[in-house]
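This report looks at one sheet and at how its strands are paired. Please have the sequence and the structure at hand while reading.

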Amino acid sequence: MRQRRRVAAATLFASLILGTSARAENGAADLERELAALQVGSHVPGFCVVMFDADHMIYEKGFGFADLAARRPYTVTTVQPIGSISKTLIGMALMKGVERGWFKLDDDVNTILPFPVRNPAFPDRPITLRQLATHTSGIVDRETVYAASYVPGDRNPLRIDAFLKSYFSKDGKTYSKRNFAATAPGSTYAYSNIGATLAAYAVEVKAGESYADFTRKTFLQPMGMKSSGWTDAETGADHAILYGEKLKPYPLYTLATYPDGGLRTSCTDLARLVTAVLKGRAGEDGILKASAIAALLKPEFAAGEIPAGLSAKEPNQGIFWQYRREGTIGHFGGDPGVTTFMGIDPKTNIGRIVLANVGGEEALRAYGGELAAIWRAVLAHVPAVAPK
């Protein structure tokens, strides 16, 4: 099921990547040789790598194949879903809502949404946007409901309101007390895709348009992300075929809860989005003000106030941006046929992205070490002289 795949991906990658240390490279050619050798010696059909700072692309290269049968190369402009890295865009959308005065992160979601959301075991404890964004809301992804959020094909109406109303309204078809944890909101960390989609819906309500339209107009189009969107139909022709275990192609699918994992993009397009965050970290106002970027990435949990359930491998959390013990701030993504990595080095303000067209629960068990080795190699590469 998709939830297990995403949780398994995060757990696997964290355990495999820990212990990575940076090493100086003689040059990009050394990294390229290492990555090419990793691809040829693995079951990973194809992947792209980009490395960049706030002003320059430092390294970009595709490896292997976007389509094995057609022997079509995987390039830095090849488009595929990116899984849970999509949640980092929800964080940026929330901060844009804060900038526009639509809400504050500590607002009760019931002051925003057209239907109430309350944990029935704690009816007097509000659920806030900040809790949704840090996975401490107590909302649970019930497996049978969440598995059904796959939508075969590309005909996705991009409507999340009906799914969420059914899940959270007491008269909803999929409502259950099991949709909530037995712990009070704000007390426990539990990763929730449906909770993330609820945060996106709060943006949608205030924007007066779909989350898809809002993100296109506010982020994707202004940043020149012409090959990015929420369905294959809107993202051009250069799409990767997605593969599972034994490199069996997955059929085309979209997500009913598309904000939490359904963004389609390429390495170069996604780098444009992350570059905006790098610029904000450097103090430059842009698609978001520098102060909003600072709030987006600020560690939410103070020392001694770490919520129960938060893994030591992910020692802190921003607004949908994760702190990793490997030393990055960013996110991983895992879905059927999808494995993705994105991280910012807070010391150097360099961003790194790897997108690969293989994934899923069985594929991760079989090939997770190979995928993690690629990310370790990218993490370890330190440009000898970063462009000025």
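## The first hairpin

In this predicted model, strands β2 and β3 make up a hairpin, and four residues lie between them. β2 covers residues 46-52 and β3 covers residues 57-67. The two strands run antiparallel and are joined by seven bridges. Within this pairing, methionine 51 has tyrosine 59 of β3 as its bridge partner.

## The second hairpin

β3 also pairs with β4, a strand of residues 72-73. This pairing is antiparallel as well and comprises two bridges. Aspartate 67 is bridged to arginine 72 in β4, while phenylalanine 65 is found opposite proline 73 of β4.

β3 and β4 form a hairpin with four residues between the strands. In this hairpin, arginine 71 adopts a positive phi near 55 degrees.

## The whole sheet

Both hairpins belong to a wider arrangement: an open sheet formed by eight strands with antiparallel pairing. Read across the sheet, the order is β4-β3-β2-β13-β12-β11-β10-β9. β4 and β9 (316-317) are at the edges and have a single partner strand each, so one side of each lacks a neighbour in the sheet.

As background, side chains in a regular strand alternate between the two faces of the sheet.

Methods: Residues numbered from 1 in each chain as written. Predicted model: local features only at pLDDT ≥ 70, side-chain atom pairs only at ≥ 80, totals over all residues. Heavy atoms only, no water. Pairing = 2+ DSSP bridges.
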